[in-house]
Amino acid sequence: MFTGLVEYVGAIESVELCDVGARPDSAGTRPDQIGATIRVHAGPLLDGLAKSGSIAVNGCCLTAVDISKETFAADLSGETLRRTSLGEMKPGTRVNLERPLTAMKELGGHFVQGHVDGVGRVARLEPEGANWWFGVRVPSDLARYIAMKGSIALDGISLTVAGWHDRVVETAIIPFTYEHTNLSSLKVGDPVNVECDILAKYVERLVESREKSHVSSLSVARLVEEGF
């Protein structure tokens with residue numbers, strides 16, 4: 001669990017694609033299942049990060065499988081590569097880093113799981129005085145989770161929805177956030193990891209379950225089975 005408050009801006013050192021050992025299916029074919037190993041320069045954030053510990057990279061919760069000097073390595077599954085922007089990362093790409101929330105830590109952002117829902121694309125990044133407007137076009141299947149003044153995590157940054165139109169989420173960025181995250185290196189068209197508010201997803205699931213429970217299971221076949 002994270003807060004969406006970026007602690008440090010690191011950089012990708014390498015992304016190496018690798019075969020994760022896909023097994024042949026019942027037909028004897030061997031599906032293409034590709035994973036990767038990513039290495040990230042994390043600087044001072046490695047203090048206290050142990051091997052097997054969690055860390056969010058651009059909002060994606062990863063497990064540190066190797067730690068060396070000021071870098072750590074993490075394995076990426078095929079699902080992670082499909083669901084996030086990490087597979088598009090190149091050496092030198094700046095990434096937002098955050099360590100997990102601890103029990104006594106102040107929750108200054110919102111509850112961020114590090115479970116990326118999909119990849120959006122930068123639609124707008126324009127200055128307004130000392131501040132900035134940051135717009136991201138989100139995938140159509142995530143549009144139902146967007147609410148004005150609601151919370152959203154973009155590349156792991158906890159932000160408030162200030163505008164919503166044509167599948168573009170607009171957020172207002174203060175100078176501190178712009179300078180202490182990867183936003184200053186983004187440009188229109190770049191991929192952005194999107195995690196919607198967990199509350200919206202649970203509400204949707206509860207409503208679905210309630211609607212299904214109200215559907216009658218009575219049918220002619222059921223009546224015959226019961227002897228009517």
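Start by selecting strand 10, which gives the most to the lining of the largest pocket, with four residues. What you have open is a predicted model, so keep that in mind as you click along.

**Stop 1: the largest pocket**

With strand 10 still highlighted, bring up the pocket itself, whose volume is about 310 Å³. Its lining is made up of 17 residues. To centre your view, pick Gly4, Leu5, Ile157, Ser158 and Thr177, which lie nearest the centre of this pocket. Next, add strand 12 and helix 2 (175-179) to your selection: together with strand 10, they are the elements that give two or more residues to the lining. Now try colouring the lining by residue class. You should find nine nonpolar residues, seven polar ones and one charged.

**Stop 2: the second largest pocket**

Where should you go for the next pocket? Select Met89, Thr93, Leu186, Asp190 and Pro191, the residues closest to the centre of the second largest pocket. In total, 13 residues line this pocket, and the space in it comes to about 220 Å³. Keep the class colouring on here too: the lining of the second largest pocket shows three nonpolar, four polar and six charged residues.

**Stop 3: the seven-stranded sheet**

Return to strand 10 and widen the selection to the sheet around it. This is an open sheet of seven strands, paired in the antiparallel sense, and the order to follow across it is 10-9-13-7-8-12-11. Why do strands 10 and 11 each have one side without a neighbour in the sheet? Strand 10 (157-160) and strand 11 (163-165) stand at the edges, and each has a single partner strand, so one side of each stays free of a neighbour there. Rotate the view as you step from strand to strand: on average, and ignoring direction, neighbouring strands of this sheet are turned by 35 degrees against each other.

Inside the sheet, zoom in on strand 8 (residues 131-137) and strand 12 (residues 168-173). These two pair in the antiparallel sense over six bridges. For one bridge to inspect, click Gly135 and then its partner in strand 12, Glu170.

**Stop 4: Gly35**

For the last stop, select strand 2 (residues 34-41) and pick out Gly35 within it. Is Gly35 buried or exposed? Its relative accessible area is 0%, under the 20% cut-off, so Gly35 counts as buried. Finish by drawing a distance between the C-alpha atoms of Gly35 and Glu16: the two residues are 19 apart along the chain, and these atoms are separated by 8.6 Å.

Notes
Residues numbered from 1 in each chain as written. Predicted model: local features only at pLDDT ≥ 70, side-chain atom pairs only at ≥ 80, totals over all residues. Heavy atoms only, no water. Pairing = 2+ DSSP bridges. Axes fitted to C-alpha atoms, helices over the stretch in contact; angles between N-to-C directions. 1 Å grid on protein atoms, 1.4 Å probe; cavity = no way out; pocket = protein on both sides within 12 Å on 5 of 7 lines; lining within 4 Å. Points joined across faces, edges and corners; volume = space filled by probe spheres on them. Nonpolar A, V, L, I, M, F, W, Y, C, P; charged D, E, K, R; others polar. Buried < 20%, exposed > 50% of the residue type's maximum accessible area, 1.4 Å probe, protein only.
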